[in-house]
Amino acid sequence: MTGVRKAAIMLVQFGKEHSAQILGSMSEKEVEMISAEIARLGKLEPTVVDDVMDEFYAMATTRYAGSGGMDYARELLEASLGKERAALILDRLEASMNDIPFNFLSHADPRQLLSYVQYEHPQTIALVLAHIPAALASAILAGLSLEVQTEVAHRIAVMDRTSPEIIRQVETALQRKLSSVLQPDELSTVGGLAPLVEIINRADRTTERLILEALDARSPELAEEIRRRMFMFEDVVNLEDRAVQLVLRQVEPADLATALKGVPETVRDKITKNLSERGRENLIEEIDLLGPVKVKMVEEAQAKIVSVIRSLEDSGQIEVQRGGEADELIA
């Protein structure tokens, strides 16, 4: 079990209010990694939760210095818990660090990794992208040709279970090129719509649009299901007014003005009605002063705002309703 997964389990146990405060103190990259892992959590065994919370408590009672490492962690644990208890925790910790396939790629340079995988078979690329963090996978996917993007996206979506032997073969190949690998002992469940949506959600709007258009031609039902699970900029009309106001407080006026160029009136109206009269006047004036704007600039500005929305959703501060979703009312 990776540290990110343990953190995700802990935050779920803490509840939305406390989790939101913790996420608010993290970097954007950390928030993305943990939020993605929370989204992937299924039903957890009570023993697993207990082990994670026990380990957290043990770690929380120690005081960390500026540098770490296993040796330093061992010294701290032995000093606070004794050698026997520390040994048990360290055994679990070392095991967890060798439990997740492709974990060694978590901090790889996207350009370097792309140079190694872009000529691999689409199934191999799909296997790698389904295991690595969504932000890194998105960068790799964006660097592939459109034809390969479509093929890889489709394979991730329909992928179910992969044998450890196949995963080991792919890892071994990457080991010769990049770094040491992890050896999974159990059958790994990877792929499916959830990780694909996470990857596309973090891609730029151009890549997002091209992938969905290509999937439309290949599998309209699959493309529609992906759209239903995604949040597009235009979906801001489905947010509650309170949520829109919270988003607007974290968006730069220049980005907001650019993002609203050429959008449907319903989208612009949703934004402007949640601004003060003065703010509304300033926004309309800034939009008019912009003049013609390149599509890429508009898409980049919209992507920034969508990123804010997803971050607020991940931290539990707002609720986002996707297409086809509807909360039932209880009398």
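Me: How many helices and strands are there in the protein chain?

Reply: In this predicted model, the protein chain holds 19 helices and two strands.

Me: What share of the residues counts as buried, and how should I read the sequence separation of the contacts?

Reply: The protein chain has 331 residues, and 42% of them count as buried. For contacts, one takes those in the protein chain between residues at least 6 apart in sequence, and of these 76% join residues at least 24 apart.

Me: Let us turn to charged pairs. What is the general idea, and how many salt bridges does the count come to?

Reply: Side chains of opposite charge can pair when their charged atoms come close. In this model the count comes to six salt bridges, and one of them joins Arg218 to Glu151, with the closest N and O atoms 2.5 Å apart.

Me: Which helices hold Arg218 and Glu151, and how far apart in sequence are the parts that the pair ties together?

Reply: Arg218 belongs to helix α13 (residues 205-218) and Glu151 to helix α10 (residues 146-158), so this salt bridge ties together parts that are 67 residues apart in sequence.

Me: Is each partner buried, partly exposed or exposed?

Reply: Arg218 has a relative accessible area of 41% and is therefore partly exposed, whereas Glu151, with a relative accessible area of 18%, is buried because the cut-off for that class is under 20%.

Me: Which residues do salt bridges with shared partners join into one network?

Reply: Glu151, Arg155 and Arg218 are joined into one network by salt bridges that share partners.

Me: What else meets helix α13 or α10? For instance, where does Thr150 lie, and which residues does Thr150 touch?

Reply: Thr150 lies in helix α10 and counts as buried, at 10% relative accessibility. Not counting residues up to four places away in sequence, Thr150 touches Ala214 and Leu215.

Me: Which residue forms a salt bridge with Lys270, and which one with Lys273?

Reply: Asp241 serves both. Asp241 forms a salt bridge with Lys270, where the closest N and O atoms are 3.0 Å apart; this pair links distant parts of the chain, with Asp241 in helix α15 (residues 241-248) and Lys270 in helix α17 (residues 265-272), 29 residues apart. Asp241 also forms a salt bridge with Lys273, where the closest N and O atoms are 3.8 Å apart; here too the pair links distant parts of the chain, since Lys273 is in the loop between α17 and α18 (277-290) and Asp241 is in helix α15, 32 residues apart.

Me: How do Asp241, Lys270 and Lys273 stand in accessibility: buried, partly exposed or exposed?

Reply: Asp241 is partly exposed, with a relative accessible area of 30%. Lys270 counts as buried at 11% relative accessibility, whereas Lys273, with a relative accessible area of 53%, is exposed.

Me: Where does Thr272 lie, and what is Thr272 in contact with?

Reply: Thr272 lies in helix α17 and counts as buried, at 9% relative accessibility. Leaving aside neighbours within four places in sequence, Thr272 is in contact with Arg280 and Leu283. Thr272 and Ile284 are 12 residues apart in sequence, and their C-alpha atoms are 8.6 Å apart in space.

Me: Now to helix packing. At what angle do helices α7 and α9 pack, and which residues meet?

Reply: Such a pair is read from the angle and the distance between the axes. Helix α7 (residues 110-117) and helix α9 (residues 134-143) pack at an angle of about 55°, with their axes 9 Å apart, and the two are therefore oblique to each other. The crossing in which α7 passes α9 is right-handed. From α7, the residues Pro110, Leu113, Leu114 and Val117 meet Leu136, Ala139, Ile140 and Gly143 of α9. By class, this contact has seven nonpolar residues, one polar and no charged ones.

Me: Finally, where is Val308 placed, and is Val308 buried or exposed?

Reply: Val308 is placed in helix α19 (residues 295-314) and, at 16% relative accessibility, counts as buried. Leaving aside neighbours within four places in sequence, Val308 is in contact with Val247 and Gln250. Val308 and Val251 are 57 residues apart in sequence, while the distance in space from C-alpha to C-alpha is 7.7 Å.

Technical notes:
Residues are numbered from 1 along each chain as its sequence is written. This is a predicted model: local features need pLDDT of at least 70, side-chain atom pairs count only at pLDDT 80 or more; totals for chains, interfaces and linings use all residues. Side-chain values use heavy atoms; hydrogens and water are left out. A salt bridge is a side-chain nitrogen of Lys or Arg within 4 Å of a carboxyl oxygen of Asp or Glu. Helices (H or I, at least four residues) and strands (E, at least two) are DSSP runs, numbered from the N terminus. Buried means under 20% relative accessible area, exposed over 50%, partly exposed in between (1.4 Å probe, protein chains only). Axes are lines fitted to C-alpha atoms, for helices over the stretch in contact, and angles run from 0 to 180 degrees between N-to-C directions. Angles under 35 degrees count as roughly parallel, over 145 as roughly antiparallel, 65 to 115 as roughly perpendicular and the rest as oblique. A crossing is left-handed if the near helix is turned anticlockwise from the far one by less than a right angle, and right-handed if clockwise. Contact means heavy atoms within 4.5 Å. Ala, Val, Leu, Ile, Met, Phe, Trp, Tyr, Cys and Pro count as nonpolar, Asp, Glu, Lys and Arg as charged, and the others, Gly among them, as polar.
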